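Biologist: Please give me a close look at one part of this model, the largest pocket, and at what surrounds it.

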Amino acid sequence: MSTVTKASASTVAVTTPSGREIRIERVFNAPRERVWRAFTDPELVKQWWGRGNTLVVERMEVRRGGHWRFVEHSPDGVHGFEGRYREVTPPERIVQTFEWDGMPGYVAVETAVFEDLGDGRTRVVSTSLFHTTEERDGMLKSGMEGGLSQSYAALDRLLETLR
């Protein structure tokens, strides 16, 4: 079990608080409503999610029971991701399932909490819960941390342009 470090803007803190969890914390230099919009508007999501590569948002029904599916087209191939929204509480919280085509049948439950820091910045804390430690470790070994850092850098650039 690792300890949690506070994330600052441009730093992604990835920890494993339990044998089945990955916790990701990141601070964005933008108000919570703007960050929420970037996470829930398909036109904005395709500009940052997937490391800045071409992203096709095949489906994004941001409501309880809604389905989402993104397909990333990168230099190393095509990668599909999908899930279902379990909870959507604007602008505070999203709970969804997450499945990567590269690990079919391994479904995680992701909870993202959007915290207004009161100074124009927003902390996003995402926790992914896997069925087993092996599944969690498989995701960690997939390169997800590097991909996430690249996606969040693309999100930073997008947030600078939104008003």
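Modeller: Happy to help; here is the pocket, then a residue beside its lining, then the chain around them.

This is a predicted model, in which local features need pLDDT of at least 70 and side-chain atom pairs count only at pLDDT 80 or more, while totals for chains, interfaces and linings use all residues. Residues are numbered from 1 along each chain as its sequence is written, and side-chain values use heavy atoms, leaving out hydrogens and water.

The largest pocket has a volume of about 860 Å³. A pocket here is an open set of points on a 1 Å grid where a 1.4 Å probe fits, with protein on both sides within 12 Å along at least five of seven lines; its volume is the space filled by probe spheres on those points, joined across faces, edges and corners. Its lining counts 36 residues (an atom within 4 Å of a point), and Trp 49, Phe 81, Phe 98, Glu 110 and Leu 148 lie nearest the centre.

Many elements share this lining: at least two residues each come from strands S2, S4, S5, S6, S7 and S8 and from helices H2 and H4. Helices have at least four residues and strands at least two, as DSSP runs numbered from the N terminus. Helix H4 (144-161) gives the largest share, six residues.

Strand S4 (residues 67-74) also carries Glu 72. Which side chain does Glu 72 make a polar contact with? The partner is the side chain of Arg 51, at 2.7 Å (N or O atoms within 3.5 Å, one able to donate a hydrogen and the other to accept it). Glu 72 is buried, because its relative accessible area is 3%, and buried means under 20% with a 1.4 Å probe, protein chains only. Beyond four places in sequence, its contacts (heavy atoms within 4.5 Å) include Gly 50, Asn 53, Leu 55, His 79 and Phe 81. Phe 81 ties Glu 72 back to the pocket, as one of the residues nearest the pocket's centre.

Strand S2 holds Val 27, which is buried with a relative accessible area of 1%. The C-alpha atoms of Val 27 and Val 125 are separated by 8.7 Å, although their positions lie 98 residues apart along the chain.

Around all this, the protein chain has four helices and eight strands, in the order β-β-α-α-β-β-β-β-β-β-α-α from the N terminus. Of its 163 residues, 45% count as buried, and its C-alpha atoms fill a box of roughly 40 × 35 × 30 Å along the principal axes.

Conventions. Buried < 20%, exposed > 50% of the residue type's maximum accessible area, 1.4 Å probe, protein only.
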